[in-house]
Amino acid sequence: MDLKVLSMFASFGAGRSSLEGNLSWVPAAHKPPAEILEFADAHGVSFINICGAFESSPEDARLRVFNHTESGAPGQASPSWCADTWQGQADAFVRAHTESATWAVSAGFLADLVDPRPFLLALKRFCLESGRAVLFLHGLDAGRQRDWTASQFASFLDASGFHATEEKKQVGCTLRTSSLTKSGYAKFLANLGFSSGLVASDLLLVTTEDASIRPTGGIGTYTANIKAVDPKVSVLFCDIDVAPSVAKDGRTFVPRMFGEQGTKEGFFDGLGLLESLYCILFLLPDLTVVECQDYKSIGFRIVQAKRTACLPSWLTVRIFMHGSIDYVKYGAQDAGAMNYTPYEAAQAIRDSYLFKHADACYAPSTYLSKQLLQEEFGYELANLSITPLPFDLNLVRDAGAISYRKVKRIVFVGKYNQLKGWPDFVQAVEALGEAGQLREIEEIASLGPLSPSQEDRARISKHVAYKDLHLTHGQLIEFVQERVTDSLFVVPSRGENYPFVILEQLLMGTLLVAYNTGGAIEVVDDADHVARFFSSPNPLALRERMAELLAANPASYEAALNESRRRVRQRQVDINQWWSRSDRPSPVTIWPQWDDSRAFDLSVVVPVYNTNFELLEELLHSLRNSRLLPREVIIVDDGSQETYASELLRRVAALLDGRIPFRIHRQDNRGLAGARNTGLALSKSEFTFFVDSDDVLLRHTLETAVAALRTDSSLLVATGFAIHFEDASQLKDGAQALREGWFWKALGVPEARALAVLENQYITANVVVRTEALREFGGWDDSDRSVWEDWAFFSRLAWSDKRFSLIPTAGYLYRNTPGSMSKTYNRYFGRRRLVRNTVGMSRLDANVLYSLVNNAGTGGAQLAGPSLSEKEAELVNFVRSMVQKPRVRRFMVAAYRLYSKVRRVF
């Protein structure tokens, strides 16, 4: 079965689809077919809810019709809007109409939804909880977003889990009855190649590492351990190049299961990760918790989605702290760690947002969460819990009491970098060798990925025979346990959060030297053991502790190591029991309450300055087609030509055709910022949406924007991704634009204000705002007509501690217009505008700051990185263009991995 049809990136398997939602229009409703009532009678229900282009039947109270072709009045959303949101309203809608009832849903109704999955997921839960069947109909009506053939619709329902228990084909119509049970749905998942136990999965780990798929570090070990102790865990392994076949345990999803992805940037910073998450939420109806690693800030868009009404209100999004960019830098503690590249700075900004705005933060150690992130870096951590990590004890056999012998081997375990203490180890070995303290050592080995430098090899080999080994995790465990009696193991990691490698060594009872810093102390949890076997984090102290243990009689530490091994193992049994959740009841899901009010107090402001009427008409047509009709459209004519004004009135009146009230305000030219401020002053609504006159709204643009502000009361401004285009024909079905990310992927939060001094990291000016609050703030800076009025606007908001956010979903269509203001205006005055709007510092300080950051001849060179020759830049751009193609990218990744293996030999 092809899971690609579950993805918006594949248009849900439809042969035709439209991003704008203008595929078709059904002006008239049909009488419900008699088979619907026959279905209700056969299943013994008192009511049947009919979703589709059908007429209400006053004479039969059993029928409740929800017609997607009906539009709301100005200031209202259409009746179907509640079924088309991931926030949880679809569940509220279904649950409010389920008593003694079931559902009949047309393909046209689902084809009219921007995303049919939230509504179908609510129906899936209805079926699983009530045991009632639902009826699907194809061929009686149509929708505006896509068009399924009968076979395409059947494939989509099959992949969704709604298998046909009965199907009737009539002339022009197919009726399909679907029933779902827990056992049947478990079998459905098994037929897809997943574990049948996923039917009860309530926790999804979102990660870039998984030791069950490929060799990895601590994050992947954590992922594998969680799967070992908790049977209700599922995993999304975020590698867009990994084939679905690598996920062999039946509990792991990879993005390519749901179709080809765009670029890595588009996956994490665009819509790719969220789209994979939506597919998994749709497949696993019991999911209530999504846990993201903090490493590489991969959960940023997920947390942003939860904050802006793009994920269910009942879904808990938590961050597990394995090691953020600040943690990595702090562990290195060298000159190279002082400066952050723009990419690294963006990671730190994402982390700040994640930690503060997630529903919860989990950390394995006090060192990481409190000492480092809170006290040293000043982050706010939402609902922090400190929890030791699980570990699969089946990996390490309990060999009983160990009899130790004189040390004849030294083994380093870790990566060959500063954070893992490799340079310290090499220096300590040299000092021991020069002092003649390695005479009884037969060999030194290192266990780690890749290989050390030839120089380091030579420095060690000068004193003792040396070899570096590249082992799988299982091979590493076996290597250690076979040599535990006569080896000294060294793990001099600097500031690890909760090092699994040390936990493993303790569980195997090794004679271990490590640094007495970071989370290692908490893993041991025994001050006497740390004082006796660990050292201060420097090469001299490491050398002294190694020399002490090399000279010691094994009998002097045998009892202590055996007792430590026994104690740590029993402690881990207790920790694993907690993580298994076998003795803890699952939290009760609190479903949102149904609110049948469709009122949205929203006006739309459109600044106009001699705009091409064809482009303006495209915008006005999209307003008419909007699922939420504004209570008023305010067109601000910013000093257009005299002849333009009369034609503007005629065209607007003809196109809006009385469906939406409008007014045109004409004024002398004040520039785009001034026109927006005029619209802000004229708006009488609680919310105001500003849109440029040559752009195009999507059917859900307005309701999505208002939902974000209603969900997060701290937000003053919000908007979705601006999908770039020049001509509508470029968009085709829109799937390619969404998948490949034809939009600006800025961070879109005020936390990015410092990085925005280098480049704009905010959102576009087509936004929804809280009208009165923005009026009090002062609107846009309209003191001149220079470029970057939106950049300056959001800078002033950010530096004034006002909140705004990108909504990580398709927002609207942004037309790339040659000769637009941003391409023609003088940038000197644009910079002056930015300086004026960087509040909280003098204009002199702001000017110096912008100049230093953006001048390649000063500090900006450190941010910009090394300069490239013309040929080098050409090569970089060529490689970037090639990685846009999935097959080429996978070939390049494979070639690099081969190169890495060959490099180890030399």
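The crossing of helices H22 and H23 is right-handed, and I would like to begin with that pair before moving on to the two sheets. Please keep in mind throughout that what we have in front of us is a predicted model.

The axes of H22, residues 613–624, and of H23, residues 642–656, come within 10 Å of each other and cross at roughly 30 degrees; since angles under 35 degrees count as roughly parallel, the two helices are therefore described as roughly parallel to each other. On the H22 side, the contact is made by Phe613, Leu616, Glu617, Leu620, His621 and Arg624, while H23 contributes Tyr644, Glu647, Leu648, Arg651, Val652, Leu655 and Leu656. Sorted by class, that contact comprises eight nonpolar residues, one polar residue and four charged residues.

Let me turn now to the sheet of six strands, which is open, has mixed pairing, and follows the order E3-E2-E5-E6-E9-E8. At its edges stand strand E3, residues 63–66, and strand E8, residues 164–170, and because each has a single partner strand, one side of each is left without a neighbour in the sheet. Neighbouring strands here are turned against each other by 20 degrees on average, with direction ignored. Strand E2, residues 47–51, runs parallel to E3 and is joined to it by four bridges, and within that pairing Cys51 stands opposite Phe66 of E3. Packed on this sheet is helix H4, residues 117–130, which touches E2, strand E5 (101–106) and strand E6 (134–138), and whose direction makes about 145 degrees with that of E5.

The other sheet is also open, with seven strands in the order E12-E11-E10-E13-E14-E15-E16 and parallel pairing. What stands at its edges? Those positions belong to strand E12, residues 252–253, and strand E16, residues 384–386, each of which has a single partner strand, so that one side of each lacks a neighbour in the sheet. Strand E11, residues 233–237, is joined to E12 by two bridges, the two strands running parallel, and Leu236 is found opposite Phe253 in E12. Helix H7, residues 218–229, lies across strand E10 (203–207), E11, E12, strand E13 (289–293) and strand E14 (316–320), and runs at about 160 degrees to E10.

Finally, a word on confidence. The mean pLDDT of the protein is 91, and 93% of its residues reach 70 or more. Over residues 858–870, however, pLDDT stays under 50, and for that stretch the model has 15 contacts beyond four places in sequence.

Conventions: Residues are numbered from 1 along each chain as its sequence is written. This is a predicted model: local features need pLDDT of at least 70, side-chain atom pairs count only at pLDDT 80 or more; totals for chains, interfaces and linings use all residues. Side-chain values use heavy atoms; hydrogens and water are left out. Two strands pair if DSSP finds at least two bridges between them. Axes are lines fitted to C-alpha atoms, for helices over the stretch in contact, and angles run from 0 to 180 degrees between N-to-C directions. Contact means heavy atoms within 4.5 Å. Angles under 35 degrees count as roughly parallel, over 145 as roughly antiparallel, 65 to 115 as roughly perpendicular and the rest as oblique. A crossing is left-handed if the near helix is turned anticlockwise from the far one by less than a right angle, and right-handed if clockwise. Ala, Val, Leu, Ile, Met, Phe, Trp, Tyr, Cys and Pro count as nonpolar, Asp, Glu, Lys and Arg as charged, and the others, Gly among them, as polar. pLDDT is the predictor's confidence in each residue, from 0 to 100.
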